[in-house]
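User: Hey, I'm new to this one and would like a walk through it. Can we start with a single residue and work outwards?

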Amino acid sequence: MGLFNRRRATAPAPAADAASARLTGVWTIDPAHSSIAFVARYAMITKVRGTFEDFDGRLYLDGEHPGRCTADVTIEAASLNTRQKQRDQHLRSADFFHAEAHPELSFRSTLVQRLSADTYRLTGDLSIKGVTRPVVLDLTFTGTATDPFGTERAGFEGSATVDRTDWGLTWNSVLETGGVLVGEKVKLEFDVSAIRAA
């Protein structure tokens, strides 16, 4: 926690432009056009990719005062999908997410910083398996659009790298050739389409 408590001299936040100002309001994440994914090293030589299929989220965006922005996301643990049934069952078990006892993962923002015209740093609390730890996400605002159905959308994409053992996901197996079966570092990737609610 010390990293987040230190005070540092920082440059003033970039001024909001007209496009950013128009973002102000409440937005909901559209799961049908968004993705929450994860990538982990397998057997030291390759990567396994997966997604969470069921999630919802609510954003409050303030284009002129980014520090007032908030994000609240809930993910169904059992909805993970790595396209391999046996592996998915293992990930849902007590060795990893223990989805039966801890059905939801959640993220609650605690600080939003605007770094440039379209980049942000989002700090928040990520809760997995009954453990809550701070994470920092780097986000890019990809723009706004009105779809053919008249729905106003805002897009964001970003990522963060976390150590899964910080949340008690410690299962592993030692390889005969050295190293371990599952990497401890996991990259989280987000591609979000949010719909204006108010």
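**Starting from one phenylalanine**

Analyst: Let's begin with F156, which is found in strand β10, residues 152–163. Keep in mind that this is a predicted model.

User: Is F156 buried or exposed?

Analyst: F156 is buried, because its relative accessible area is 11% and the cut-off for buried is under 20%.

User: Which residues is F156 in contact with, leaving aside its neighbours in sequence?

Analyst: Once you skip everything within four places in sequence, F156 is in contact with L61, T140, F141, T142, F190, D191 and V192.

User: And how far apart are F156 and S34 in space?

Analyst: From C-alpha to C-alpha, F156 and S34 are 9.4 Å apart, while along the sequence they are 122 residues apart.

User: L61 was in that contact list. What's the separation between the C-alpha atoms of A21 and L61?

Analyst: Those C-alpha atoms are separated by 9.3 Å, and the two residues are 40 apart along the chain. A21 is found in helix α2, residues 18–21. Not counting residues up to four places away in sequence, A21 touches G63 and E64.

User: So is A21 buried or exposed?

Analyst: In between: A21 counts as partly exposed, because its relative accessibility is 28%.

User: OK, zooming out. How many helices and strands are there in the protein chain?

Analyst: The protein chain has 3 helices and 11 strands. Going along the sequence, the pattern is α-α-β-β-β-β-β-β-α-β-β-β-β-β.

User: How much of the protein chain is made up of buried residues?

Analyst: Of the 198 residues in the protein chain, 39% are buried. The accessible surface of the chain comes to about 11,600 Å², and carbon and sulfur atoms account for 51% of that.

User: What about contacts between residues that are well separated in sequence?

Analyst: Take the contacts between residues at least 6 apart in sequence: 57% of these join residues at least 24 apart.

User: Let's talk about the core. How many residues does the largest nonpolar core have?

Analyst: The largest nonpolar core has 42 residues, and F52, F97 and F107 are the ones with the most contacts inside it. Strand β11, residues 182–196, supplies the largest share of this core, with 5 residues. As general background, nonpolar side chains in soluble globular proteins tend to be buried together.

User: Those are phenylalanines again. How many aromatic pairs does a search of the whole structure find?

Analyst: That search finds 4 aromatic pairs. In one of them, the rings of F38 and F52 have their centres 5.3 Å apart and their planes at 50°, so the pair is tilted. This pair links distant parts of the chain, since F38 sits in strand β2 (residues 35–42) and F52 in strand β3 (residues 46–52), 14 residues apart.

User: Are F38 and F52 buried or exposed?

Analyst: F38 counts as buried at 11% relative accessibility, and F52 counts as buried at 7%. F52 has another ring partner: the centres of the F52 and F97 rings are 5.9 Å apart and the planes are at 85°, so that pair is edge-to-face.

User: Where does F97 lie?

Analyst: F97 lies in the loop between α3 (85–92) and β7, whereas F52 is in strand β3, so the pair ties together parts that are 45 residues apart in sequence. F97 counts as buried too, at 11% relative accessibility. Together, F38, F52 and F97 form one aromatic cluster.

User: What else is F97 in contact with?

Analyst: Beyond its neighbours within four places in sequence, its contacts include A77, L80, L91, R92, H102, L105, I128, K129 and L169.

User: New topic: the strands. Which strand does β5 join through bridges?

Analyst: β5 is joined to strand β7, residues 104–114, by 5 bridges, and the two run antiparallel. One residue to look at is T74, found in β5 (residues 70–76). In β7, its bridge partner is S106.

User: What does T74 touch?

Analyst: Not counting residues up to four places away in sequence, T74 touches F55, D56, E104, L105, S106 and R108. T74 counts as buried, at 14% relative accessibility.

User: And which residue in β8 does S106 stand opposite?

Analyst: In β8, S106 stands opposite S127. β7 and β8 (residues 119–128) pair in the antiparallel sense over 8 bridges, and a hairpin joins them through 4 residues.

Terms used:
Residues numbered from 1 in each chain as written. Predicted model: local features only at pLDDT ≥ 70, side-chain atom pairs only at ≥ 80, totals over all residues. Heavy atoms only, no water. Core = buried A, V, L, I, M, F, W, Y, C linked by side-chain atoms within 4.5 Å. Buried < 20%, exposed > 50% of the residue type's maximum accessible area, 1.4 Å probe, protein only. Contact = heavy atoms within 4.5 Å. Pairing = 2+ DSSP bridges. Areas by Shrake-Rupley, 256 points an atom, 1.4 Å probe, with all protein chains shown as cover. Phe/Tyr/Trp six-rings, centres within 6.5 Å; stacked < 30°, edge-to-face > 60°.
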